[in-house]
Amino acid sequence: MSIKTVSTQPFTDQKPGTSGLRKRVKVFQQPNYLENFVQSIFNSLEGYQGQTLVVGGDGRYYNRQAIQIILKMAAANGFGRVLVGQGGILSTPAASCVIRKNKAFGGIILSASHNPGGPDNDFGIKYNISNGGPAPEKVTEAIYSHSKEITSYQILAAEDVNLDKLGTSQLGSMQVEVIDSVTDYADLMASLFDFDLIRKFIADGKLRMCIDSMHAVTGPYAIAIFEERLGAPIGTVQNGTPLEDFGGGHPDPNLVYAHELVEILYGEGAPDFGAASDGDGDRNMILGRKFFVTPSDSLAILAANAKLVPGYGSALAGVARSMPTSQAVDKVAAKLGMDCYETPTGWKFFGNLLDAGKATLCGEESFGTGSNHVREKDGLWAVLFWLNILAVKQQSVESIVKEHWQTYGRNYYSRHDYEEVDAEKANTLMTNLRSLVPTLTGKQFGQYQVAYADDFSYTDPIDGSVSQKQGIRIGFSDGSRIVFRLSGTGTQGATLRIYLESYEPDVAKQNLDPQQALANLITLSDDIAQIRQMTGREKPTVIT
Ligand code: VG1
Ligand code: CO
């Protein structure tokens, strides 16, 4: 088998976003497009010769083809061994787990997360470092720089590897080991949660649940964990076979896209608990019977109840949330006397805090929760955390959340997304807002007085790296907030996100519909940013 050096030309658009490089499948299928990016990853690394790389993806269209290319390029570039999930399948948290467990040099994850899949939809690729977490900005910047200068890549001329058969084979001088996609991850979960207690809780008939894998990667994991290890009835996991096009849907666990699950949990004879996860298994949505738990509340509730869960029984070191995530967890941290960190959007910013032992639990408003057990957010982990709490407290999801609000107050929260807006218009809207920011503090808008306004900038407390322009925050004197930012994961036009939050300590006023509770802030966000006028849209595409 010979190593080929192929000459190539740079592409100008290979800048990783919030979570890797995401483009239409058709873009990735252009000659040399994937190869250029993979070679740029390798060119940005040092010291990987003879080391181990982990490779896997969410099973979407082009996953298998991409993996064959990556394996041959890893062999040509001198990796010693690649661990690849069977059938090319590894959920994002499972990939993180495998990297850590095997002390791998790093990993390549193929996913565009919750974006639809199929020949006319999206594909994605990202690099994770040896701690199992997404590459920090320093690394993604280096990859981007290499991608702009690349002139050639290396690839082994070889037959495809059989990805379906477990075991080890040789690719040039590199070993390829096809591993079971689920076992390491399921074992890790069993080490963190009280599986015996949860199993008994289910067996006693005290918890009926429905888990929706949305035809995406968590199916095999969820079946192994909930049905096989925890004894939930067969059929508990629905849409549990990963499909290349996710059955034509958006594998995005929210009230809009996970409507099949929502209908079950809000229907006649609804089960006690429901959960869904996204394309690559790092997001989760938690539902009780006729009850939705916002991701920001979920993080706060996990933090407040962590002492009930074996893996987190001793004190938490601290908590962290992304800036647009509601401040519900801050209240818990203050009461329990622990540090609370506020980071930019994207899991890569939690890595240093987790590595340094400063944070134990982390979360994002975008249906992402996780802990120091891996370095990615983890959908099924969050589900198990909830099940463990339910089994200990023997209460309904709704009563746990309402008790939490009684103790800490309720942070009403909503995110309004304007998807596929003309990029130039979206950029102008943000530029206008940026120029408005210095004039806002102290201004009165109806009942609201602006307490602060800025463009969020973050200095990493561990390595001192600075990330600027992470979203416009406008905070009011009553604790409410509006945040504006542009998405870094979309593949078409721009997506404008508006995050709205208000705080309600009065128990008598905690049962409003969030859109109603936030109505004045919603109007105000349009007054300040001229959203309708600038985007030409009457209303958001998605409200979560
Ligand atoms: C979105 C979310 C962010 C999340 C990111 C990756 O990013 O807002 O919180 O970390 O997706 O999640 P953006 O830039 O589009 O707002 V996933 O599950 O898509 O890997
Ligand atoms: Co995801």
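Which residue takes a positive phi just after α13? In this predicted model, that residue is Gln 394, whose phi is about 50 degrees. I shall begin with the helix that precedes Gln 394, and then turn to the ligand and to two individual residues.

Helix α13 comprises residues 379-393. At 1.5 Å a residue, its 15 residues should span 21 Å, and because the end C-alpha atoms are indeed 21 Å apart, the expected and the computed lengths agree. As to its surroundings, 13 of the 15 residues of α13 are buried, and therefore the helix is largely enclosed by the rest of the structure. The start of α13 shows a contact between side chain and backbone: a side-chain oxygen of Asp 378 comes to within 3.5 Å of the backbone nitrogen of Leu 380. At the other end, Gln 394 follows the helix with the positive phi with which I opened.

Let me now move to ligand 1. The space that this ligand takes is the largest cavity. There are 20 residues around ligand 1, and those that come nearest are Thr 18, Ser 366, Gly 488, Thr 489 and Arg 497. What is the composition of that shell in terms of nonpolar, polar and charged residues? The shell holds 10 polar and 10 charged residues, and no nonpolar ones.

Three side chains may be described in terms of their distances to oxygen atoms of ligand 1. For Thr 18, an N or O atom of the side chain is 2.5 Å from an oxygen atom of the ligand. For Arg 22, a polar side-chain atom lies 3.0 Å from a ligand oxygen. His 114 likewise places a polar side-chain atom 3.0 Å from an oxygen atom of ligand 1.

I turn next to Asn 284, which is located in strand β13, residues 284-288. Is Asn 284 buried or exposed? Its relative accessible area is 4%, and because buried means under 20%, Asn 284 is classed as buried. The side chain of Asn 284 also has a partner: it makes a polar contact, at 2.9 Å, with the side chain of Thr 369.

The last residue is Phe 367, found in the loop between β17 (361-364) and β18 (368-371). Phe 367 has a relative accessibility of 6%, so this loop residue too counts as buried. For a sense of distance, Phe 367 and Glu 342 are separated by 25 residues in sequence, and their C-alpha atoms are 17 Å apart in space.

Methods. Residues numbered from 1 in each chain as written. Chains lettered and ligands numbered in written order. Predicted model: local features only at pLDDT ≥ 70, side-chain atom pairs only at ≥ 80, totals over all residues. Heavy atoms only, no water. Near = heavy atom within 4 Å. Polar contact = N/O pair within 3.5 Å; in protein donor to acceptor, adjacent residues only side chain to side chain. 1 Å grid on protein atoms, 1.4 Å probe; cavity = no way out; pocket = protein on both sides within 12 Å on 5 of 7 lines; lining within 4 Å. Sits in = over half its atoms within 2 Å of the grid points. Nonpolar A, V, L, I, M, F, W, Y, C, P; charged D, E, K, R; others polar. Helix = DSSP H or I, 4+ residues; strand = E, 2+ residues; numbered from the N terminus. Expected span 1.5 Å × (residues − 1). Buried < 20%, exposed > 50% of the residue type's maximum accessible area, 1.4 Å probe, protein only.
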